[in-house]
Structure formats: C-alpha cells, structure tokens
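Biologist: I have a few labels I would like to see justified. Could you walk me through them?

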Amino acid sequence: MIPPVYSPADERYSDGNMSYRRCGRSGILLPEISLGLWHNFGAGDPLSRSREILRYAFDHGITHFDLANNYGPPYGSAEQTFGEIFRTDFRPYRDEMFISTKAGYDMWPGPYGNWGSRKYLMASLDQSLRRMNLDYVDIFYIHRFDPETPIEETLQALVDIVRSGKALYAGISRWPLEATKLAFEYLDRRDTHCLLFQDRLNMLDRSSVYSGILEETQQAGVGFIAFSPLAQGLLTNRYLHGVPSDSRAAQGRFLKADTITPEIIRRTRELNDIAESRRQSLAQMAISWVLADKRVTSVIAGCSSINQLADTICAIKHTDFTQEELALIDNAIG
Ligand SMILES: NC(=O)c1ccc[n+]([C@@H]2O[C@H](COP(=O)([O-])OP(=O)(O)OC[C@H]3O[C@@H](n4cnc5c(N)ncnc54)[C@H](OP(=O)(O)O)[C@@H]3O)[C@@H](O)[C@H]2O)c1
C-alpha cells in the first residue's frame with residue numbers, strides 16, 4: 001500500500017546513496033544513474049507502480065528523469081503519467097529535479113509532427129510541458145538527426161527555446177559525428193552550450209566509443225549520457241531461462257523475442273558468471289561497466305519494478321574493473 005502523501009526520504013542525498021558527476025563544462029551535477037521512462041510508464045501500465053518507482057528513485061538520490069514526447073504507448077502517455085505523479089507528489093521538490101524531454105520522432109499526423117523543423121520542436125515542447133504539468137524542462141533534446149532540415153533551423157530552435165526559458169539547457173541525441181561537431185560550434189557561438197549528448201552505450205553496443213562521438217563530447221566539454229545500458233534487458237538475468245511473459249521481449253515492440261537466440265543466452269550466462277565472481281548481479285555489472293568510463297556523466301536505466309531499480313542502483317558501489325575482468329567480458333561478448 002503506497003502512502004497517499006509523499007514525503008521524500010531524509011537521507012536521499014546521504015553519502016553512499018548516490019554519486020553525482022559533473023556534466024561536461026557546466027554547473028550541473030547528474031546522478032550516475034538516471035531513470036528513463038521510455039517503457040513501463042504508458043497508459044496501460046499501473047499508475048501505482050509508476051508512482052512507486054518514481055518515489056523509490058527520488059528517495060535514493062536519483063534526481064534526473066528522462067522522457068520524450070513519444071514515450072508510452074500511446075505517444076505522450078509517459079509524460080502524462082509523469083505529469084500526474086509530479087502534480088500529486090513532486091511539485092514541492094521541482095528544484096531538486098532535473099527533467100528532460102525530446103522531440104524528433106513521429107508524434108502527430110501530418111507534415112509538422114516529426115523530424116527537426118522549428119515548427120515541430122516548438123509545438124512539441126509546448127505540448128510536453130502541458131502533459132507534464134511543468135513550466136519548464138531542464139533540458140530539451142533534438143531526438144534524432146534530420147537529414148532534410150537545415151541543421152541551422154533545428155539548432156536555432158533549440159537556442160530560442162532556451163532563450164524563452166521553456167528549457168534551461170539544450171541537448172542532442174544520436175546525431176552523427178560531423179553534424180554533432182557543427183552543432184556544438186553553432187550552439188557555443190550563440191551562448192547556448194550543449195549540455196548533454198545522449199547515445200546508446202552498453203557492453204554489447206560500443207558504437208558511440210568507436211565512432212569517436214564519446215571522445216568528441218569530452219573534448220567539447222559536453223556531458224555524455226548513455227541510454228539502454230542493459231541493452232533493454234538482455235544484459236540482465238531476465239532471459240537466462242527463456243522469455244518471461246511480463247518482459248519487454250514478450251511485448252515485442254522494440255525488443256523482439258527472436259533476438260534472444262541460444263548464442264545470446266550462452267554469452268549472457270558467461271557474463272553472468274563474471275558478474276557473480278565480482279559479487280554483482282549481471283545488471284549491476286553492465287551498469288558498472290558503462291560508468292567505469294569516466295567520460296560518461298550518467299547512465300539512463302529503465303525498469304519495470306522497484307526491485308529491479310534497487311538492484312541496479314547498487315552498481316555505483318563497484319565501478320572498478322581489473323584488466324583480467326575486462327578481458328573476460330570482451331571474450332564473452334566475442
Ligand atoms: N535518445 C534515445 O534515442 C533513447 C533511446 C532509447 C532509450 N532512451 C532512454 O534510455 C532509457 C533507458 O533505456 P532502456 O529502457 O532501453 O534501458 P535498459 O536499462 O537497457 O533496459 C531496461 C530494462 O531492463 C530490465 N531490467 C532493468 N533493471 C533490471 C534488473 N536489475 N534486473 C533484471 N532486469 C532489469 C527491464 O526489463 P523488463 O521491462 O522486461 O522487466 C527494463 O525495462 C529510456 O527509458 C529512455 O529514457 C533514449
């Protein structure tokens with residue numbers, strides 16, 4: 001039974017609960033683990049569970065919550081869920097929270113509800129603020145690169161959004177390297193330094209390292225925030241013995257059950273053994289592995305229960321790896 005009135009844990013910022021890293025060259029500190037609301041916070045998910053997870057996160061020092069206009073399903077519903085819980089529980093703590101949203105993927109029908117036009121970004125942020133019951137977000141991201149829209153149009157919309165006060169900072173998600181370099185320069189020239197670059201990084205997908213994007217963010221004084229650190233659940237014990245009916249792979253929207261091949265399970269078991277030898281769960285080791293790279297400001301983890309979040313949070317306690325452990329992990333991944 002969830003208490004009707006929320007009063008956050010007094011010890012939420014006590015030593016050892018959560019660690020914070022500086023976000024590039026900025027005044028912002030972010031928790032090493034941030035909470036993502038892409039899955040499990042839609043209209044079909046129980047509001048009581050969403051509330052329980054958000055409260056648990058905040059009680060344990062997680063101050064950063066990552067959303068986007070189209071998280072759900074349906075689109076917009078994760079922001080609505082967050083907005084409802086913000087209204088009932090978190091409004092007095094707004095200044096302790098760092099809330100993001102994004103636009104860039106298809107959101108509403110017709111030619112103005114997708115990609116990177118000024119019209120879409122401005123309208124989308126207004127809609128997001130209404131759904132989330134917020135006056136402003138802390139960071140607004142362009143969610144993906146639009147090859148058709150001039151990047152100046154997209155970037156100037158970010159600059160103007162920050163100048164309007166509807167977002168405090170601008171961010172970029174999943175842009176290619178060359179466009180990202182131009183974007184950092186464009187934003188800097190207009191005194192709207194890019195705060196964060198968001199990209200996928202986990203033990204299975206290291207493309208943001210190999211492409212040079214992680215190093216570029218570091219050089220430019222931009223924070224790097226890693227999404228899907230658990231490869232949507234593949235890097236956990238979730239699928240070691242088949243596909244549970246309540247799992248993301250069983251839903252089959254973004255993680256398909258047929259990607260859980262015997263080969264993937266074999267590798268996951270090997271990784272699980274390495275994690276056990278480090279006295280960690282596989283989920284913890286996967287998060288620790290990302291956080292071991294000090295160029296990473298934070299990881300955005302998803303979860304479908306407070307037990308998962310409780311497990312994941314412990315990853316921050318053990319982010320150092322021996323060379324031998326790293327070699328074993330690389331070997332298991334193949
Ligand atoms: N910018 C972008 O384009 C972009 C793209 C993707 C994601 N993101 C952001 O990144 C966030 C995280 O992405 P993600 O949800 O893919 O993250 P993830 O952390 O890689 O995967 C989360 C899933 O792993 C399982 N899980 C979590 N903790 C576990 C534990 N301790 N033990 C066992 N299983 C565990 C759960 O699966 P079940 O649900 O099956 O229980 C959970 O839903 C998103 O919410 C979003 O905010 C951004």
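Modeller: Happy to; what follows is a set of labels, each set against its definition.

Modeller: This is a predicted model, where local features need pLDDT of at least 70, side-chain atom pairs count only at pLDDT 80 or more, and totals for chains, interfaces and linings use all residues. Residues are numbered from 1 along each chain as its sequence is written, and side-chain values use heavy atoms, with hydrogens and water left out.

Biologist: How do you know whether the chain agrees with a compact globule?

Modeller: The rule is 2.2 Å times the number of residues to the power 0.38, with the radius of gyration taken over C-alpha atoms. For 334 residues that gives a value near 20 Å, and the chain has 19 Å, so the two agree.

Biologist: Why is Ser298 called buried or exposed?

Modeller: Buried means under 20% relative accessible area, exposed over 50%, and partly exposed in between (1.4 Å probe, protein chains only). Ser298 has 0%, so it is buried. By the same cut-offs, buried residues make up 56% of the 334 residues in the chain.

Biologist: And what makes the Ser298 and Ser34 pair a polar contact?

Modeller: A polar contact is a pair of N or O atoms within 3.5 Å; within protein, one must be able to donate a hydrogen and the other to accept it, and residues adjacent in sequence count only if both atoms are side-chain atoms. The side chains of Ser298 and Ser34 are joined at 2.7 Å. Ser298 itself is found in strand S10, residues 298-301; strands are DSSP runs of E with at least two residues, helices are runs of H or I with at least four, and both are numbered from the N terminus.

Biologist: Which class do Gly24 and Asp191 fall into?

Modeller: Gly24 has 27% relative accessibility and therefore counts as partly exposed. Asp191 has 74%, so it is exposed. Gly24 lies in the loop between strands S1 and S2, while Asp191 lies in the loop between helix H5 and strand S8.

Biologist: What is Gly24 in contact with, beyond its neighbours within four places in sequence?

Modeller: With Gly221, Val222, Gly223 and Thr297; contact means heavy atoms within 4.5 Å.

Biologist: What about the phi of Asp191?

Modeller: Phi of Asp191 is positive, about 55°, although Asp191 is not a glycine. Asn133 also has a positive phi, near 55°, and with 30% relative accessibility Asn133 counts as partly exposed.
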